[in-house]
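Colleague: I'd like a close look at just one part of this model. Could you take me through it in bench terms?

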Amino acid sequence: MLEQLEPLTTEPVAYGFAIVLGLVWGSFANVCIYRWPPSEQFPKGRSVVKPGSHCFACQTPIRWYDNLPMISWLWLRGRCRSCKATFSGRYLIVEATTAALFGVAWWATVVANQMFEPLDVRLIRFAIYAAFCFVLVAITFIDIDHKLILNKVTIPSIVAFYLLGLALPGHAWWNGLVGIAVGYGVPWLIGEIYFRLKGREGLGLGDSMLLALIGALLGWRGVVFALFGGSVIGSVIGITALVLMRDRAEPAEPVAPAEKPAGPGQPDGDGEPAPDDEPSLMRTELPFGPFLAMAAVFYLFAEPWIQLNFKLLGG
Ligand SMILES: [Zn+2]
């Protein structure tokens, strides 16, 4: 059965399958991003299963044909069919990002790897990599929205991706454990030093949890790469944003939130108290998570490829 499908795996139809799968999971990521974080009304977040999708303005349940990833949004021009309330274009971005990552994951795991691994291993690899991308997309956008990396997302994911990593060939059992320890420990150490020097938090504990998750699948090398790569991406994007902001400078423009002095446990300026004593969530001062996630995804796809090339060179 699998052998018969093998020639198809490099065809456009296979990429189409991966991308449609990514759209569906991207659509689910939107639900998670919207419902997982705590709110005043739901301090523990909400279920992503019940109730079904409904319009945030008029509460009308959204029919399945109005809930097709991307297509429905474009067809209805981002509006509710009943009350015409506008849905953010962000939904599209999340779906498109997830779909693109699933497409790249298909290429990286199933296509580029075809001379080195049997198809079943490559399909398992695809499933794990795609799931990892899905989790990172959800974490990224929740962090952008709330400056929060939720333990209820990271902790189960750390366990799951450590165990899933064991299913991959060439993964020693200690690889993920070392990754988790380094991922959690190093930023904790940096944060501790930073706190001693500056008297405020640099890296949040949420970032430690995210790095532990990255380490669970990608080992300590993945953690180190994500930390440095994330810093580079963060600097480039941060500097670009500063330059763009200065170009359209208005004197009363508030400075980047990074400049705000906020001790641990202090309200951080936007009026909501920092929920530091909430055990279920951890707060980061800067959303560094998206940059860590971007670097981790890059490493995820680049690392096996680099290793394969070494294998080719070494014979
Ligand atoms: Zn509506």
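At 1.5 Å a residue, what should the 24 residues of helix 2 span, and how far apart are its end C-alpha atoms?

Modeller: A caveat before the answer: this is a predicted model, where local features need pLDDT of at least 70 and side-chain atom pairs pLDDT 80 or more, while totals for chains, interfaces and linings use all residues. Numbering runs from 1 along each chain as its sequence is written.

Helix 2 should span 34 Å, and its end C-alpha atoms are 34 Å apart, so the two agree. The expected span is 1.5 Å times one less than the number of residues. Helices here are DSSP runs of H or I, at least four residues, and strands are runs of E, at least two, both numbered from the N terminus.

Quite a few helix 2 residues are buried, including Trp25, Asn30 and Tyr34. Buried means 20 or more other C-beta atoms, placed from the backbone, within 10 Å of a residue's own. Helix 4 and helix 5 are among what covers them, counting contacts as backbone-placed C-beta atoms within 7 Å.

Helix 2 (12-35) also supplies at least two residues of the largest nonpolar core, which has 68 residues. Such a core is a set of buried Ala, Val, Leu, Ile, Met, Phe, Trp, Tyr and Cys residues joined through C-beta atoms within 7 Å. At least three of its residues come from each of domain 1 (1-146) and domain 2 (148-315), with bounds from an automatic or database assignment.

How values were computed:
Buried ≥ 20, exposed ≤ 12 C-beta atoms within 10 Å, placed from the backbone. Contact = placed C-beta atoms within 7 Å.
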